[in-house]
Amino acid sequence: MNSLKYILTLIIGFSSLCGFAQNSNKYCIYDQVALEKYGDKDLDGARTYIDSAILMCDDLRVDPYVHHIKGFIYYELYKRDQVNDSYSSLRDTAFSAFLESNKLDSENEFTVKNNKSLRNIATRIQMNVANLLDTTNYREAIKVNNLYKETLKKGNIEVDNKPYDISFYISLGGLFVDLYENDKVANATMIDSAIHYYEKSLELDSLNFVGNLQLGYVYHNLSIDIILSMDPEDDIMTMYENQERSSNFGLLSLPYLKIAHQQQPKNTKILYGLAGIYFMLQEKDKSDFYQNLYNELTKEQEGNQVPPKNGN
Amino acid sequence: MAWSQGGAAEANLKIKSMFVYNFVKNVDWPSNKKDGDFKIGILADKKLYQLMNSTYAGKEINGQKLVFEFYEGFSAMSKCHILYVAPDVSKDLSKNSSKLRANKTLVVTDSGGLLYDGSVINFIINNNKLAFEISKTNADLVPLTIGPALLKMAASVI
């Protein structure tokens with residue numbers, strides 16, 4: 001009886017082993033099934049098979065090609081379902097899969113394509129940032145931009161980020177100016193943020209035309225705003241203090257406007273601004289110089305149309 | 001973002017108007033000038049007149065109501081407590097200074113050297129800001145008492 005039990009146990013044990021071996025083989029071809037599904041545009045099916053393949057088949061789990069395929073499947077799913085989700089889990093999985101493929105790719109068969117895909121994913125995050133750049137979602141834009149930077153670092157992605165960063169900072173600066181101008185009292189600190197981001201753009205490119213022009217605008221307008229918002233009943237001491245602040249902002253605007261003017265000497269808006277700020281700074285000769293240039297160019301550009309005056 | 005169109009001119013005009021208003025508040029006139037309206041004449045600067053008239057006309061300082069008058073030239077001028085003389089017409093100031101002194105008028109000018117032509121307070125530019133200088137001598141001749149706040153804030157007092 002005991003020997004019968006022993007024989008039965010052996011039979012059952014052997015059957016189980018055979019079953020396991022059959023299952024293991026079955027999973028180890030799931031990458032091919034996933035590829036077929038992917039080719040048939042059945043992305044959900046492809047996802048199920050590639051996940052099972054990696055989970056259940058030891059050989060495939062260390063195959064860089066399988067992770068490469070997984071990356072593509074998840075990337076397509078992300079584009080289909082979550083492309084506007086800045087924190088997409090599908091995108092994250094695709095990103096991790098391409099990274100894993102690189103890690104396993106000792107022969108460098110897939111690394112070039114993986115890296116291209118990693119860059120594409122980073123570009124998609126940039127697009128999310130761009131979509132969030134408005135006066136309502138700017139905080140989120142800053143957060144997602146940080147995510148973009150982390151993604152570059154994590155993926156060891158080498159890109160020349162300078163033009164993008166400059167553009168991002170200038171856009172943010174513009175948003176903060178808009179917020180400030182919408183409500184100069186409630187949003188008074190927003191103008192400091194605008195200055196901060198314009199300065200950051202100029203740290204990357206001190207001659208950037210837009211950065212210089214916009215920062216010049218900000219200081220020019222602050223100089224004037226301080227005076228125009230004074231209470232007409234203010235005492236003489238308060239007037240002096242406000243004049244001092246106004247004058248300081250006016251002086252700050254000059255170097256930025258002059259750099260912009262050097263780059264676009266025939267830009268009438270800059271000439272008009274320079275005439276205005278020198279007028280504000282009580283430097284009538286310099287104000288007249290730029291106002292005259294403005295008048296001449298305006299006549300050239302618009303025929304005999306009468307130009308607006310700064311009042312000087 | 002756009003420039004504050006014309007904002008610089010508007011701002012400078014506002015500063016000047018506030019200075020003149022502060023002169024009213026910080027100068028003491030002889031007792032025979034403390035009744036009735038307080039008249040401020042603006043000579044040859046229509047924009048300053050318009051701004052001051054729209055901002056301050058009707059306000060009361062020490063029980064006197066502020067009224068503003070605009071004059072094209074000295075010939076049209078009537079008796080006033082303060083007369084602002086625009087640079088374009090200030091060359092005629094010296095010819096009128098004794099009459100203005102007799103009227104107990106505080107003369108405010110806007111060009112260099114006019115403290116020697118009878119002006120009591122003259123606007124000047126000091127470190128990119130509008131400032132003023134005072135002739136205490138001319139004030140004493142009227143006689144007018146310049147308050148300590150003005151004397152303290154003046155760029156110079158002669």
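Here is a friendly chat about a predicted model with chains A and B.

Me: Let's start with chain A. How many helices and how many strands are there in it?
Reply: Going along chain A from the N terminus, every element in the run is written as α. The tally for chain A is 14 helices and 0 strands.

Me: What share of the residues of chain A count as buried?
Reply: A residue is called buried when its relative accessible area is under 20%. Chain A has 312 residues, and the share of them that passes this test is 45%.

Me: How much accessible surface does chain A have, and what part belongs to carbon and sulfur atoms?
Reply: The accessible surface of chain A adds up to about 16,700 Å². The part that belongs to carbon and sulfur atoms is 52%.

Me: Let's look at one residue, A:D58. Is A:D58 buried or exposed?
Reply: A:D58 sits in helix α4 of chain A, which covers residues 58-61. Exposed means a relative accessible area over 50%. Since the relative accessibility of A:D58 is 54%, the residue counts as exposed.

Me: Which residue has a side chain joined to that of A:D58 by a polar contact?
Reply: A:C28 is a residue to look at beforehand: it is 30 residues from A:D58 in sequence, and their C-alpha atoms are 8.1 Å apart in space. The polar contact between side chains, though, spans 2.9 Å, and the partner of A:D58 in it is A:R61.

Me: Where is A:N208 found, and is it buried or exposed?
Reply: A:N208 belongs to the loop between α10 (190-204) and α11 (209-228) of chain A. The cut-off for buried is under 20% relative accessible area. A:N208 has 15%, so it is buried.

Me: Which backbone nitrogen does the side chain of A:N208 reach at 2.7 Å?
Reply: The side chain of A:N208 reaches the backbone nitrogen of A:V210 at 3.2 Å. The 2.7 Å value goes with the backbone nitrogen of A:G211.

Me: Which residues is A:N208 in contact with, leaving aside its neighbours within four places in sequence?
Reply: Here a contact means heavy atoms within 4.5 Å. With those neighbours in sequence set aside, the contacts of A:N208 are A:I166, A:I170 and A:L202.

Me: Now for chain B. How compact is chain B for its length?
Reply: Chain B has 5 helices and 10 strands. Its radius of gyration is 15 Å, close to the 15 Å that the globule rule gives for 158 residues, so chain B is as compact as a globular protein of that length.

Me: What box do the C-alpha atoms of chain B fill?
Reply: Within chain B, 55% of the 158 residues count as buried. Taken along the principal axes, the box filled by the C-alpha atoms is roughly 55 × 30 × 30 Å.

Me: How far apart are the mean positions of the positive and negative charges of chain B?
Reply: Chain B has 19 positive and 14 negative charges. The mean positions of these two sets are apart by 2 Å.

Me: Which residues does B:N103 touch, not counting residues up to four places away in sequence?
Reply: B:N103 has its place in the loop between α3 (93-102) and β6 (106-109) of chain B. With a relative accessible area of 12%, B:N103 is buried. The residues it touches are B:K33, B:K79 and B:C80.

Me: Which two residues does a cis peptide bond join in chain B?
Reply: The loop to look at lies between α4 (136-141) and β9 (145-146) of chain B, and B:P143 is in it. The cis peptide bond has omega of about 5° and joins B:V142 and B:P143.

Me: Why does B:N127 count as exposed?
Reply: B:N127 is in the loop between β7 (121-126) and β8 (129-134) of chain B. Its phi is near 50°, a positive value in a residue other than glycine. B:N127 counts as exposed because its relative accessibility is 60%.

Me: And B:N128, is it buried or exposed?
Reply: B:N128 is also found in the loop between β7 and β8 of chain B. Although B:N128 is not a glycine, it has a positive phi of about 65°. Its relative accessibility is 18%, so B:N128 counts as buried.

Conventions. Residues numbered from 1 in each chain as written. Chains lettered and ligands numbered in written order. Predicted model: local features only at pLDDT ≥ 70, side-chain atom pairs only at ≥ 80, totals over all residues. Heavy atoms only, no water. Helix = DSSP H or I, 4+ residues; strand = E, 2+ residues; numbered from the N terminus. Rg over C-alpha atoms; globule rule 2.2 N^0.38 Å. Buried < 20%, exposed > 50% of the residue type's maximum accessible area, 1.4 Å probe, protein only. Lys, Arg positive; Asp, Glu negative; His and termini not counted. Charge placed at Lys NZ, Arg CZ, Asp CG, Glu CD. Polar contact = N/O pair within 3.5 Å; in protein donor to acceptor, adjacent residues only side chain to side chain. Areas by Shrake-Rupley, 256 points an atom, 1.4 Å probe, with all protein chains shown as cover.
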